[in-house]
Structures are given as C-alpha cells and as structure tokens.
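Subject: The structure I promised you

Hi there,

Here is the structure for you to open and turn around on your screen. Have a look at it first, and then read on for what was found in it.

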Amino acid sequence: MPTMIASFAFISSTVASAMALLVVSATKKWHKETEADMTALCDEIEASSSEYVNETTNLRGLPLPIQRHLQTSLGLASPDEAVRRIKMLSISQRGRFLLNGKWIDFTARQLFSASNVHPGFVWEANMRLPVFSLFGRSLVTLPIHVKDAYVNGRGTMVGKLLGALTIVDMRDTPVLNEGELSRWLGECIVFPTALIPAGSKTGQKLRWKDSEDYDANEETAMATAILEGAICKTSDGTKHNVKTEIEFRCSKDTGLIHSIYAMRPYAEPGQKDAKMLPWEGHFSDYQTRQGILVPTRMEVGWWKNGDLELYFQGQNNEFEFHFE
C-alpha cells in the first residue's frame, strides 16, 4: 500500500509539474505575440507621421460642441490657437467585464495610435475567472488572457484560458474590423486631438457632419463623426470598405463629451452572423494628465429590448502621452 501511495503521489506531482510548465510556456508565447502587435502598431504610428500634410492645426471648422470640448480639454484660449497633436498614448486600466452573465475583474494595458489617418490600438487584459467561491468570495480563480486590437487596418479579438485554451479567436473580418474601428473612434476622447481631421497624402479619413449648437432648452449638444478604415476582403474575395459613424454628446454645463452613441455589428456568443444594435458609452471623472483634461472612468453597453446592458466598466489610471 505505501508503494502504491508513493507511486500515485509521484504521478500526480509529475502531471501537475507538466501542466504548470505548459501554462508558463503558453503564457510566454502569449506575451511574445502581444509584444509583436505592440511593435507593429508603433511602426505604423511612426510611418503615419510622414504622411501628414503640412498644416496649421486649430479648431476652426469643427462643430461648435466639439470645438468647446477640445478647447476645454486642451486648455486653449481660443479656437484659433495652434494645437500640438498627440502621436500616441499608453494607459493602464482596471475594471470589470461581463462574461457569460457574470462580472469578472481585470487589469489591462492599452496602446493607441492617436492618428485618425492611421487609427489603431492594442488592448491586453488579464482577467480572473472564478471557479470556486465561498460566502461571496472567489477562493479559486483561473487566468484568462484577452487581446483586442486594430493594427494596420486589421482587427483581432483573442481570448485564452491559462494562456493555452482558446475561448475566442476572431481575426480580420469586415464585421470585426468595423467594430474595432468603432472602438478606436469612441475611445479617442482620451487622446482628444484625434477628433481634429488630419490632412494626409491619402486624403482625410475623418469628417464631421453638420450639427447644431446647444439649444436653449437642451442640456446636451450632439455632433456626428464618420471615420473610414482600411479596405478589407471577405472570405469570397469581395472588397469591403470599412467605416464607422459615432454620435458624440456634450454637456451644456461643462462643454465636455459625456457619452457616445452608434449602431454597431453585434453577434451573440457562439454565433457568426451579426446584426446592428445600438451601442452606447459613458465617460466621466475628468482629470488632468500631462496638461490634458481626459475622462478616467468609462462604461459601455448594448441597447437590448429597451434597456442598456453594460458589459464593460473601467478606470483609466496611468497616462503617457507622446506628441508629434
């Protein structure tokens, strides 16, 4: 009997060690691939700088609500004051994400290209999936690595349990690319000079629709932006022009953007076919970072059956801006 117990213990220990090595190896591979995406985005950011047409950047010509937001956010004395464009931004983030009907905590880092000529981002999150709870406390959790990205006009959404077991893996489809482009445009409030259309050798990618200023009886003014992304091909080889349209809503009291609204492609978990659903984000707790007033809290959700169902709540922490 002692021999059998010792053999069982040895086998269990060997299996556990092998699984641990597998997880470590998979995690290293995950981080290596993410760093490659970050590097590719940095290369794209550097290349985009050479495409700008020499121009004096100010706020003239923008919808008045956006002028007011930018004037407040950037601390400008007037709309005619020259603006120094943000080149890229890196942030750290923490919050919670709705997964299979349950909120789970996450920490994340994100890198943005702040160019609306070459929009892009890489978001890498570490989540903890509860597998055993007692009295409302998670005693045992498993790590989930998640990457959401838009690099060189191509979207990526990947999630892996323990860094090895694939939960989701979507890459470079018209629906995904449009969704990722929408995310970039919606989140560019945290690098606000991206709201100013940039001239480039390939023309402007961002444009604003005509909008009304604040009405005497309204607390919110709205302005709608349209952004064109890279052309991609469907599985049958058909070319698809990716673009997104988002409505920005500004507060009459502060002049700052407090929410966004758009129609975005939505697919239920496990389904490939997508349908258009209203998508809304809220931004609050503006604080000054490197001289720029930015929102540090954000939440996003889908409108379903008349209710806004939130799936993301985040706190933006460390900001590191790089300028042109």
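Does lysine 304 count as buried or exposed, going by its relative accessibility? Lysine 304 counts as buried, because its relative accessibility is 19% and the limit for buried is under 20%. Before you go further, please keep in mind that this is a predicted model.

Lysine 304 also has a charged partner. It forms a salt bridge with glutamate 309, and the closest N and O atoms of the two are 3.8 Å apart. Glutamate 309 counts as partly exposed, because its relative accessibility is 39%. In general, side chains of opposite charge can pair when their charged atoms come close.

**The chain as a whole**

Now for the wider view. The chain has 324 residues, and buried residues make up 45% of them. You can pick out 3 helices and 13 strands. Take the contacts in the chain with a separation of 6 or more: residues 24 or more positions apart account for 54% of these. The accessible surface of the chain is about 16,800 Å², and carbon and sulfur atoms hold 54% of that.

**More salt bridges**

How many salt bridges does a search of the whole structure find? The search finds 14, and two more of them are worth finding on your screen.

One joins arginine 183 to aspartate 148, with the closest N and O atoms 2.7 Å apart. Arginine 183 sits in helix 3 (residues 174-187) and aspartate 148 in strand 4 (residues 137-151), so this pair ties together parts that are 35 residues apart in sequence. Arginine 183 counts as buried because its relative accessibility is 11%, and aspartate 148 counts as buried at 8%.

The other joins arginine 249 to glutamate 280, where the closest N and O atoms are 3.8 Å apart. Here arginine 249 belongs to strand 9 (residues 239-251) and glutamate 280 to strand 11 (residues 275-289), so the pair links parts that lie 31 residues apart in sequence. Both arginine 249 and glutamate 280 are buried.

**Glutamine 110 and its surroundings**

Next, please find glutamine 110, which is in strand 2 (residues 102-113). Its relative accessibility is 2%, so glutamine 110 counts as buried. Which side chain does the side chain of glutamine 110 make a polar contact with? The partner is the side chain of glutamate 187, at 3.2 Å. Leaving aside residues up to four places away in sequence, the residues that glutamine 110 touches include Leu89, Phe121, Trp123 and Glu187. Arg183, which you met above in the salt bridge with aspartate 148, is also among the residues that glutamine 110 touches.

**A cavity to look for**

Last of all, look inside. The structure holds 1 cavity of 30 Å³ or more, and the volume of the largest cavity is about 40 Å³. Which residues line the largest cavity? The lining is made of Ile91, Gln93, Gln110, Phe112, Glu187, Val190, Met298 and Asn316. Strand 1 (86-99) and strand 2 each supply at least two residues of this lining. Gln110 and Glu187 appear in the lining, and their side chains are the ones that make the polar contact described above.

Enjoy exploring it!

Best wishes

Key. Residues numbered from 1 in each chain as written. Predicted model: local features only at pLDDT ≥ 70, side-chain atom pairs only at ≥ 80, totals over all residues. Heavy atoms only, no water. Salt bridge = Lys/Arg side-chain N within 4 Å of Asp/Glu carboxyl O. Helix = DSSP H or I, 4+ residues; strand = E, 2+ residues; numbered from the N terminus. Buried < 20%, exposed > 50% of the residue type's maximum accessible area, 1.4 Å probe, protein only. Polar contact = N/O pair within 3.5 Å; in protein donor to acceptor, adjacent residues only side chain to side chain. Contact = heavy atoms within 4.5 Å. Areas by Shrake-Rupley, 256 points an atom, 1.4 Å probe, with all protein chains shown as cover. 1 Å grid on protein atoms, 1.4 Å probe; cavity = no way out; pocket = protein on both sides within 12 Å on 5 of 7 lines; lining within 4 Å. Points joined across faces, edges and corners; volume = space filled by probe spheres on them.
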